[in-house]
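Okay, everyone, thanks for coming. I've got one structure for today, so let's put it on the screen and walk through it together.

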Amino acid sequence: MKMMKQVQKMQADMAKMQEELAQQTYEAEAAGGTIKAVANGEGELKSLTISPDLIKDAADDPEMLQDLVVTAVREAVNKGKMDAQEKMGKLTSGLNLPPGLI
């Protein structure tokens, strides 16, 4: 019975944490800050800013600009994922659950 209560509490805590992560934002930059990506804790891209000067400079090399955008977005999303993993790990640390259960 005690274990069931622990699991129910953990489920409620996880739902609350997921709501918080959806509201949390994670920012990453590329090309010296000329590209900024902001994602939430669910991995959704919320905004992307590209300096107009960088766009002009990349007119002859669009692949470079594409790579920089991908880099910034990937880093912002990964920051959110790492934070989520850390917070979920703290939440489940005392339960001795089998790997992959959550």
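I'll go through the sheet, then the loops, then the helix across the sheet, and finish with some salt bridges.

One thing up front: this is a predicted model, so please keep that in mind while I talk.

Right, the sheet. What is the strand order? We've got an open sheet of 3 strands, ordered 1-2-3, and the pairing is antiparallel. At the edges sit strand 1, residues 25–30, and strand 3, residues 45–50, each of them pairing on one side only. If you like angles, neighbouring strands here are turned against each other by 15 degrees on average, ignoring direction.

Let's take the pairings one by one. Strand 1 runs antiparallel to strand 2, residues 35–40, and there are 6 bridges between them. If you want to find the register on screen, look for A28, which stands opposite A37 in strand 2. Now stay on A37 and look across to strand 3: there A37 stands opposite L48. That second pairing, strand 2 with strand 3, is antiparallel as well, over 5 bridges.

Okay, on to the connections. Strand 2 and strand 3 make a hairpin, with 4 residues between them. In that turn you'll find G43, and its phi is positive, about 85 degrees.

The loop between strand 1 and strand 2 has something for the backbone people: that's where A31 is. A31 isn't a glycine, yet its phi is positive, about 55 degrees. As a reminder, most residues other than glycine have a negative phi. So is A31 buried or exposed? Somewhere in the middle: A31 has a relative accessible area of 35%, so we call it partly exposed.

Next, what lies across the sheet? That's helix 3, residues 62–92, and it lies across strand 1, strand 2 and strand 3. Relative to strand 1, helix 3 runs at about 150 degrees.

Last topic, charges. Side chains of opposite charge can pair when their charged atoms come close. How many salt bridges does the structure hold? The count is 7, and I'll show you some of them.

Start with E29 and K36, whose side chains meet at 3.9 Å, N to O. E29 belongs to strand 1, while K36 belongs to strand 2. Both partners are partly exposed: E29 comes out at 40% relative accessibility, and K36 at 33%.

Then there's D53 with K56, a salt bridge at 3.8 Å, again N to O. This one is inside helix 2, residues 52–57, and because the partners are 3 residues apart there, about one helical turn separates them. D53 is partly exposed, at 46%, whereas K56 counts as exposed, at 60%.

And back to helix 3 for one more: K87 pairs with D83, and their closest N and O atoms are 3.2 Å apart. K87 and D83 are 4 residues apart in helix 3, so that's about one helical turn too. Which side of the buried cut-off is D83 on? Buried means under 20% relative accessible area, and D83 has 17%, so D83 is buried. Its partner K87, at 30%, counts as partly exposed.

That's my tour. Over to you for comments.

Terms used. Residues are numbered from 1 along each chain as its sequence is written. This is a predicted model: local features need pLDDT of at least 70, side-chain atom pairs count only at pLDDT 80 or more; totals for chains, interfaces and linings use all residues. Side-chain values use heavy atoms; hydrogens and water are left out. Two strands pair if DSSP finds at least two bridges between them. Helices (H or I, at least four residues) and strands (E, at least two) are DSSP runs, numbered from the N terminus. Axes are lines fitted to C-alpha atoms, for helices over the stretch in contact, and angles run from 0 to 180 degrees between N-to-C directions. Contact means heavy atoms within 4.5 Å. Buried means under 20% relative accessible area, exposed over 50%, partly exposed in between (1.4 Å probe, protein chains only). A salt bridge is a side-chain nitrogen of Lys or Arg within 4 Å of a carboxyl oxygen of Asp or Glu.
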